[in-house]
Amino acid sequence: MTKKRSVFLILILIFSSTSIFHEAYAHSMFNSAEKFEAGYRVQVATAPEFPQINEPSQFLVRVTDGDFNEVERFTMGIRVYFHDQQVDAIPPKSIEGAHWDFDYVWRQQGNHIVKIDLYDMGGKDGIITYTFNMGTQSPFGIIFFGAIIVGALVFTGMMVYIYLPKIFKKSKL
């Protein structure tokens with residue numbers, strides 16, 4: 001009986017490790033967003049996912065067209081608002097490649113409105129503005145990670161409670 005169960009578990013592990021899908025996507029980070037507008041998609045995120053106040057974090061931006069092909073050259077500026085007042089601005093900069101990653105220091109705790117301006121896209125004059133909500137130092141982040149840790153510990157405790165007596169019982173025989 002135990003051999004059949006072991007073979008069954010090994011087969012499940014083998015089949016679950018092989019993928020029938022050709023493409024896989026990672027989960028999006030908690031402090032990330034994307035928007036489509038005027039034929040372009042802009043994605044933003046921060047690393048770490050919950051930036052700490054007055055500590056450097058990474059601001060990540062990616063620009064693609066409507067077919068999800070990366071835009072190789074663009075001009076972008078960023079404005080950051082807190083409580084409807086502009087607290088920071090990054091002047092327009094020409095970017096080579098579809099990604100713009102730079103260090104940024106958040107000064108206030110809470111929700112910020114980030115406006116990203118794309119300039120002169122597709123040979124057309126004008127500005128395309130994308131608006132995102134970005135949070136900093138969320139108190140719920142600690143609760144969320146704590147809940148995951150507690151859940152893992154409870155699961156481990158239950159597995160030990162169920163299987164440890166069986167292991168000791170077999171060793172006494």
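This is a short walk through the fold, strands, salt bridges and surface patches of one chain.

Before we start, this is a predicted model, so to speak about local features we ask for pLDDT of at least 70, and side-chain atom pairs count only at pLDDT 80 or more, while totals for chains, interfaces and linings use all residues. Residues are numbered from 1 along each chain as its sequence is written, and side-chain values use heavy atoms, with hydrogens and water left out.

Okay, the overall layout. The chain has two helices and eight strands, where helices (H or I, at least four residues) and strands (E, at least two) are DSSP runs, numbered from the N terminus. Reading from that end, the order is α-β-β-β-β-β-β-β-β-α. As for burial, 24% of the 173 residues count as buried. Buried here means under 20% relative accessible area, exposed is over 50%, and partly exposed is in between (1.4 Å probe, protein chains only).

Now the strands. In a regular strand the side chains alternate between the two faces of the sheet. Strand β6, residues 99-105, shows this pattern: W100, F102 and Y104 point to one face and are buried, while H99, D101, D103 and V105 point to the other and are not. Which strand does β6 pair with here? Take β3, residues 56-65: seven bridges join β3 to β6, and the two run antiparallel. For pairing, DSSP has to find at least two bridges between two strands. If you want a spot to look at, Q58 stands opposite D103 in β6.

Strand β8, residues 127-136, alternates too: I128, Y130, F132, M134 and T136 are buried on one face, and I127, T129, T131, N133 and G135 point to the other and are not buried. Its antiparallel partner β7, residues 110-119, is joined to β8 by 10 bridges. Within that pair, D117 has T129 as its bridge partner.

Next, the loops. Between β2 (40-47) and β3 sits P51, which counts as buried because its relative accessible area is 0%. The C-alpha atoms of P51 and Y104 are 9.5 Å apart, with the two positions 53 residues apart along the chain. The loop between β2 and β3 also holds P48, and the peptide bond joining A47 and P48 is cis, with omega about 5°.

Two backbone oddities while we're on loops. Most residues other than glycine have a negative phi, and most peptide bonds are trans. A38 is not a glycine, yet has a positive phi of about 55°. You'll find A38 in the loop between β1 (32-37) and β2, and A38 is exposed because its relative accessibility is 57%. The other one is D84, also not a glycine, with a positive phi of about 65°. D84 is in the loop between β4 and β5, and at 77% relative accessible area, D84 is exposed.

On to charges. Side chains of opposite charge can pair when their charged atoms come close. How many salt bridges does a search of the whole structure find? Four, taking a salt bridge as a side-chain nitrogen of Lys or Arg within 4 Å of a carboxyl oxygen of Asp or Glu. One of them is E34 with R41, closest N and O atoms 3.5 Å apart. There, R41 is buried at 7% relative accessibility, whereas E34 is partly exposed at 40%. Another is E70 with R62, at 3.1 Å; E70 is partly exposed at 35%, and R62 is partly exposed at 22%. Then there's E96 with R73, at 2.9 Å. E96 lies in strand β5 (residues 85-96) and R73 in strand β4 (residues 73-82), so this pair ties together parts 23 residues apart in sequence.

Last stop, the surface. R5, K166, K169 and K170 form a positive patch. Patches are made of residues with over 30% relative accessible area and no salt bridge, joining like charges within 9 Å and nonpolar side chains (Val, Leu, Ile, Met, Phe, Trp, Tyr) within 5 Å. Helix α2, residues 139-172, gives the largest share of the positive patch, three residues. K170 is in helix α2 and counts as exposed at 58%.

There is also a nonpolar surface patch, with about 990 Å² of accessible area together, and its members include V150, V154, M158 and L164. Accessible areas come from the Shrake-Rupley method with a 1.4 Å probe, and for residues only the protein chains shown count as cover. L164 is in helix α2 as well, and is partly exposed at 35%.

Notes: Lys, Arg positive; Asp, Glu negative; His and termini not counted. Charge placed at Lys NZ, Arg CZ, Asp CG, Glu CD.
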